[in-house]
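Welcome! This short report is a first tour of the protein shown below, with an eye to the spaces inside it and on its surface.

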Amino acid sequence: MRAIVIEDKQLVWAEVPDPEAAEGQVVVEVTATAVNRADVMQRQGLYPPPPGAPDYPGLECSGVISAIGPGVSGHHVGERVCALLAGGGYAERVVVPAGQLLPVPAGLSLVESAALPEVACTVWSNVVDRDRLRSGQTLLVHGGGSGIGTFAIQLGAALGASVLVTARAEKHERLRALGAELTIDYQNHDFVRAVHDYTDGKGADVVLDIVGAKYLDRNIDVLAVEGRITVIGMQGGRKGELGLGKLMAKRGRISSTSLRARPVADKARIVAGVRDQVWPLVAAGLVKPVIHTTFPLAEAADAHRLMESSDHLGKILLVR
């Protein structure tokens, strides 16, 4: 089969071995996949795939099951699915652990569903499963215009939280339409002051951060008492100084997570939580995939250039 592989930090078409389903796995004939920041980092040599994952990028896909391995029940050849992957989505076919399969949500096309698995699993596992966001609380999302950000806005709003975001000014109108109550131009305004002004000094109960070191100290400043910070990206650096005194005074918590390298069983647990708690919101139209544009899979290099520019809003899809 063919796949998009990385050669000298470039994306090129190449022949690769056909995948075969082992115990507990299925093979999916890929219809669409999505570009994630992790794919760009992998191409740049900064984010190698975990052991056992394909060498080529792609952390999610949609398609049709073409083969089923031993020990798999409840799925059949020809079934339309979307899936969370450890890699390999930029290909004609990919092997998927059965526990990482999701049904195509009601009302969505097969292509549209490729925009959901990675962001849904990332946001739910952090904001809901780990940080226990509840109705009436305040969620601050950094990078509101990203795929993660546009999904987190909708999920937070659907859960009854007040969602505040940082983003470029030109994206604010779209983000408010998704459910953001306050949009902050991080290039020209202090998000700490803006959040405290909006919340009458209380601050944010949950902070979902893709920036990392650059925002570490200010994230503590913006935090409410007993608030939670989760760092899921390091676009603003990997090392920062942590003000433990400030964090302790707020009885706050800071953690960092990644999804790709988690054990298969943990990913299956997360996928099950998304299926049970998030997919009904998608079916009801309360959470929708936000797709900026699509590219043919063969034009993945152009899609990466768009991702690196940060001029997009929502997801960038690659379609076979």
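Helices here are DSSP runs of H or I with at least four residues, and they are numbered from the N terminus. With that in hand, we can name the element that gives the most to the lining of the largest pocket: α3, with five residues. Please keep in mind that this is a predicted model.

**The protein as a whole**

The protein has eleven helices and 15 strands. Its radius of gyration is 19 Å, which agrees with the value near 20 Å that a compact globule of 320 residues would have. Along the principal axes, the C-alpha atoms fill a box of roughly 55 × 40 × 35 Å. Of the 320 residues, 54% count as buried. Among contacts with a separation of 6 or more, 68% are between residues 24 or more positions apart. The accessible surface comes to about 13,500 Å², and carbon and sulfur atoms hold 51% of that surface.

**The spaces side by side**

| Space | Volume | Nonpolar lining residues | Polar lining residues | Charged lining residues |
|---|---|---|---|---|
| Largest pocket | about 1,100 Å³ | 18 | 18 | seven |
| Second largest pocket | about 480 Å³ | 18 | five | five |
| Largest cavity | about 40 Å³ | six | three | two |

**The largest pocket**

In total, 43 residues line the largest pocket, and those nearest its centre are Met41, Ile210, Ile232, Gly233 and Met234. Two or more lining residues come from each of α1 (37-43), α3 (117-130), α4, β13 (253-256) and β15 (315-319).

**The second largest pocket**

Which residues lie nearest the centre of the second largest pocket? They are Gly52, Ala53, Pro54, Ala86 and Val95, out of 28 that line this pocket. Strand β6 (93-97) and helix α9 (264-277) each supply at least two lining residues. The largest share comes from β6, with five residues.

**The cavity**

The structure also holds one cavity of 30 Å³ or more. Its lining is made up of Ala115, Leu116, Val119, Gly147, Thr150, Phe151, Gln154, Lys288, Pro289, Val290 and Lys315. Which helix gives the most to this lining? That is α4 (residues 147-158), with four residues. Helix α4 also appears among the elements that give two or more residues to the lining of the largest pocket.

Key:
Residues are numbered from 1 along each chain as its sequence is written. This is a predicted model: local features need pLDDT of at least 70, side-chain atom pairs count only at pLDDT 80 or more; totals for chains, interfaces and linings use all residues. Side-chain values use heavy atoms; hydrogens and water are left out. On a 1 Å grid over the protein atoms alone, a cavity is a set of points where a 1.4 Å probe fits but cannot get out, and a pocket is an open set with protein on both sides within 12 Å along at least five of seven lines; lining residues have an atom within 4 Å of a point. Grid points are joined across faces, edges and corners, and a volume is the space filled by probe spheres set on the points. Ala, Val, Leu, Ile, Met, Phe, Trp, Tyr, Cys and Pro count as nonpolar, Asp, Glu, Lys and Arg as charged, and the others, Gly among them, as polar. The radius of gyration is taken over C-alpha atoms; the globule rule is 2.2 Å times the number of residues to the power 0.38. Buried means under 20% relative accessible area, exposed over 50%, partly exposed in between (1.4 Å probe, protein chains only). Contact means heavy atoms within 4.5 Å. Accessible areas come from the Shrake-Rupley method with a 1.4 Å probe; for residues, only the protein chains shown count as cover.
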